[in-house]
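Me: I would like to go through this structure by asking what stands behind each label. Please set each value against its cut-off.

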Amino acid sequence: MQKYILIIGACGQIGTELTFALREKYGKDNVVASDIREGTDNLMQSGPFEILDATDYDALEELIAYYEISEVYLMAAMLSATAEKFPMRAWNLNMNSLFNVLNLGKEKKIDKIFWPSSIAVFGPNTPKENTPQNTIMEPSTVYGISKQSGERWCEYYFNKYDVDVRSIRYPGLISWKTMPGGGTTDYAVEIYHKALSEGSYACFLKKDTALPMMFMDDAIKATIQLMEADDDAVKIRSSYNLAGMSFTPKEMAESVKKQLPSFQISYAPDFRQAIADSWPSSIDDVEAQQDWNWKAEFNLERTTQVMLENLKG
Ligand SMILES: NC(=O)c1ccc[n+]([C@@H]2O[C@H](COP(=O)([O-])OP(=O)(O)OC[C@H]3O[C@@H](n4cnc5c(N)ncnc54)[C@H](O)[C@@H]3O)[C@@H](O)[C@H]2O)c1
């Protein structure tokens, strides 16, 4: 049977590339992109698009009925750095959009949901190195609190209402097709843009702040792999740890210098340093490896190569 997919928040950093990938796989007319705003020309021209506010249950329900949607990818959210500035707006968007989609699952109006969590679910008391799936969490940011609550609700809806919801705790994502949307790991994208346009970059984190990161192609591959896994292979219904690579701004600058020897980096930590300090520096994703055969392909060197190649144009 033909399945129809809806992506909510399709114009963002992940949504844009997820839309292209799902359209390539399932056919452009079977994947409806939606967002509260319009996206890049490429995205807008690649298939059906609808303006949708994810917090508007009636509009969402209507769109799902109209397109006979069976799978929803909910990518709309307010990210870590912006959420610290607008706590209540972040909480309302991140939670209400999730409840809307989970309730449509409970009502059996959709069959399958993808909702992303984040390494922000961890906090200052979490073991920092190789952070395991199950450990102390206690997130200290608005964004992290919303993601941890979201994970609890996903598991609850799976257990109580048999809602097929699947989730990944994404690390910081590096990509070139769109700019990142206000997260604490945005430096790892900005650095490449500035290296090419100005030959230098002032990093908002300290040089030795290691964080878990991933190249976008790996994140998209993991997302689709998890969504296609057999039901009984998906043993974790809160959210899976997922690892790609881990590095510091200094290591990243060195990798840029290998390609652009005159590149200069300076460090001017701001409020995002405290957020980064509360997060793990590396992640153990053994459950994703065992349950649905996860394996990352991109390391830092390959990421730098692909980013610079594509941004040079
Ligand atoms: N990018 C990362 O590094 C990263 C890491 C961990 C988790 N995540 C999670 O992945 C998801 C997508 O992240 P992203 O980086 O693509 O974010 P983004 O900020 O780039 O994109 C979010 C999109 O949601 C849209 N949006 C905002 N409010 C909306 C509303 N009310 N209705 C509909 N759309 C709305 C925005 O216009 C934007 O296009 C989020 O849940 C985020 O928390 C991202």
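Me: Why is G182 called buried?

Reply: The model is a predicted one. In it, G182 has a relative accessible area of 17%. Buried means under 20%, so G182 counts as buried.

Me: Where does G182 lie, and what does G182 touch?

Reply: G182 sits in the loop between β9 (172–174) and α7 (187–197). Leaving out residues up to four places away in sequence, G182 touches L79, S80, A81 and T82. For these, touching means heavy atoms within 4.5 Å. As for A276, which is 94 residues apart from G182 along the chain, the two C-alpha atoms are separated by 13 Å.

Me: Which residues of α7 are buried, and what is found just after α7?

Reply: The buried residues of α7 are Y187, A188, V189, I191, Y192 and A195. Just after the helix, G199 has a positive phi of about 80 degrees.

Me: What makes α9 and α12 oblique to each other?

Reply: A pair of packed helices is described by the angle between the axes and the distance between them. The axes of α9 (residues 249–259) and α12 (residues 300–312) come within 10 Å and cross at roughly 55 degrees. Angles under 35 degrees count as roughly parallel, and 65 to 115 as roughly perpendicular. The angle of roughly 55 degrees falls in neither range, and α9 and α12 are therefore oblique. The crossing of α9 past α12 is right-handed.

Me: Which residues make the contact of α9 with α12?

Reply: From α9 come E251, M252, S255, V256, K258 and Q259, and from α12 come L300, E301, T304, Q305 and L308. By class, the contact has four nonpolar, four polar and three charged residues.

Me: How do you know that the radius of gyration agrees with a compact globule?

Reply: The protein has 313 residues, for which a compact globule would have a radius of gyration near 20 Å. The value for the protein is 19 Å, so it agrees. Taken along the principal axes, the box filled by the C-alpha atoms is roughly 55 × 45 × 40 Å.

Me: How many helices and strands are there, and what share of residues counts as buried?

Reply: The protein has 12 helices and 14 strands. Of its 313 residues, 55% count as buried. Among contacts with a separation of 6 or more, 78% are between residues 24 or more positions apart.

Notes. Residues are numbered from 1 along each chain as its sequence is written. This is a predicted model: local features need pLDDT of at least 70, side-chain atom pairs count only at pLDDT 80 or more; totals for chains, interfaces and linings use all residues. Side-chain values use heavy atoms; hydrogens and water are left out. Axes are lines fitted to C-alpha atoms, for helices over the stretch in contact, and angles run from 0 to 180 degrees between N-to-C directions. Helices (H or I, at least four residues) and strands (E, at least two) are DSSP runs, numbered from the N terminus. Angles under 35 degrees count as roughly parallel, over 145 as roughly antiparallel, 65 to 115 as roughly perpendicular and the rest as oblique. A crossing is left-handed if the near helix is turned anticlockwise from the far one by less than a right angle, and right-handed if clockwise. Ala, Val, Leu, Ile, Met, Phe, Trp, Tyr, Cys and Pro count as nonpolar, Asp, Glu, Lys and Arg as charged, and the others, Gly among them, as polar. The radius of gyration is taken over C-alpha atoms; the globule rule is 2.2 Å times the number of residues to the power 0.38. Buried means under 20% relative accessible area, exposed over 50%, partly exposed in between (1.4 Å probe, protein chains only).
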